[in-house]
Structures are given as C-alpha cells and as structure tokens.
Amino acid sequence: MTRPGPPPGGSFPARPGPPAGGSFPARPGPPAGGSFPARPGPPVGARPGPPPDLGDDETRHPAVDAAVRAIANAATLAPADQIAQYEAAYETLRETLATIDQT
C-alpha cells in the first residue's frame, strides 16, 4: 500500500494569505485612560453565618447533623483547612446517603 504524496510536478495550489495591503481590521483595545471599570465585589458583611438552630429533633440522622455542624464550623477556619473540612463532610454525607439507599 502506498501513501499519497505531493502532486506531480511538486507544486501545491496557493494558500490564501493576509488581505491586500498587509493590514488586518483593528481589534478593540483597552478603554481610554488605561483603566477598566471596577468589578463589583460581595456586599460588606456578606459572609454566610451558621445555619439556624433547628432544635433537638429525634427524627434527624446523627451523622448528617455532625456533617452540617462541621460545615458551619469550617467558616471560622483558614481557606486551606476549610477545603479539608468540606471534603470530610461531603464524604460523610455520601456514605450516609449510600447506606440509607441500601435499606
């Protein structure tokens, strides 16, 4: 089996190049004055607080309650520690839901 090669005579059809005159349409640049408008940030004091206290309800699942408390407590931790806390809570909730589905 042979592979296709260049056309006979060794020349290829011409490829399209840049537009005549060698210039392209202008792309928009930064706004005049060199500064961009400020991006809106979160409102002051917008950090979520702990969930409201729902009381002692005996129908709730203790593992779920512990995971919810861990998530609420994570708000006071450093960001790197929050990630670990959220991952642990996620794993607890995932395992708990899996055991509930099996029963």
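Is N73 buried, exposed or partly exposed, and what is its relative accessible area? Keep that residue in mind while touring this predicted model, and begin by selecting residues 62–74, which form helix α1.

**Helix α1**

With α1 highlighted, place a distance monitor between its end C-alpha atoms: the 13 residues should span 18 Å at 1.5 Å a residue, and the end atoms are indeed 18 Å apart, in agreement with that expectation. Next, colour D65, A67, A70 and A74, which are the buried residues of this helix, and note that the buried residues of α1 pack against α2.

Then select N73, which also lies in α1. N73 has a relative accessible area of 49%, so the opening question is settled in favour of partly exposed, because that class lies between the 20% limit for buried and the 50% limit for exposed. A C-alpha to C-alpha distance from N73 to Q85 reads 8.7 Å, although the two residues are 12 apart in sequence.

**Helix α2**

Now move to residues 79–102, which make up helix α2. Its 24 residues reach 35 Å from the first C-alpha to the last, close to the 34 Å expected at 1.5 Å a residue. Here the residues to colour as buried are Q82, A89 and T96, and what covers the buried residues of α2 includes α1.

**The two helices together**

Show both helices and draw their axes, since two packed helices are described by the angle between their axes and the distance between the axes. For α1 and α2 the axes come within 9 Å and cross at roughly 165°. The two helices are therefore roughly antiparallel to each other, as the angle falls over the 145 degrees that the term requires, and α1 passes α2 in a left-handed crossing.

To see the contact itself, select A63, V64, A67, A70, I71 and A74 on the α1 side, and then Q82, Q85, Y86, A89, T92, L93 and T96 on the α2 side, which they meet. The residues of this contact divide into 9 nonpolar, 4 polar and no charged.

**A last stop at T96**

Finally, centre the view on T96, a residue of helix α2. Its relative accessibility is 7%, and T96 therefore counts as buried, the limit being under 20%. Which residues does T96 touch, not counting those up to four places away in sequence? Selecting its surroundings with that exclusion brings up H61, A63 and V64, of which A63 and V64 also figure among the α1 residues listed for the contact between the helices.

Definitions and conventions
Residues numbered from 1 in each chain as written. Predicted model: local features only at pLDDT ≥ 70, side-chain atom pairs only at ≥ 80, totals over all residues. Heavy atoms only, no water. Axes fitted to C-alpha atoms, helices over the stretch in contact; angles between N-to-C directions. Helix = DSSP H or I, 4+ residues; strand = E, 2+ residues; numbered from the N terminus. Parallel < 35°, antiparallel > 145°, perpendicular 65-115°, else oblique. Left-handed = near helix turned anticlockwise from the far one by under 90°. Contact = heavy atoms within 4.5 Å. Nonpolar A, V, L, I, M, F, W, Y, C, P; charged D, E, K, R; others polar. Expected span 1.5 Å × (residues − 1). Buried < 20%, exposed > 50% of the residue type's maximum accessible area, 1.4 Å probe, protein only.
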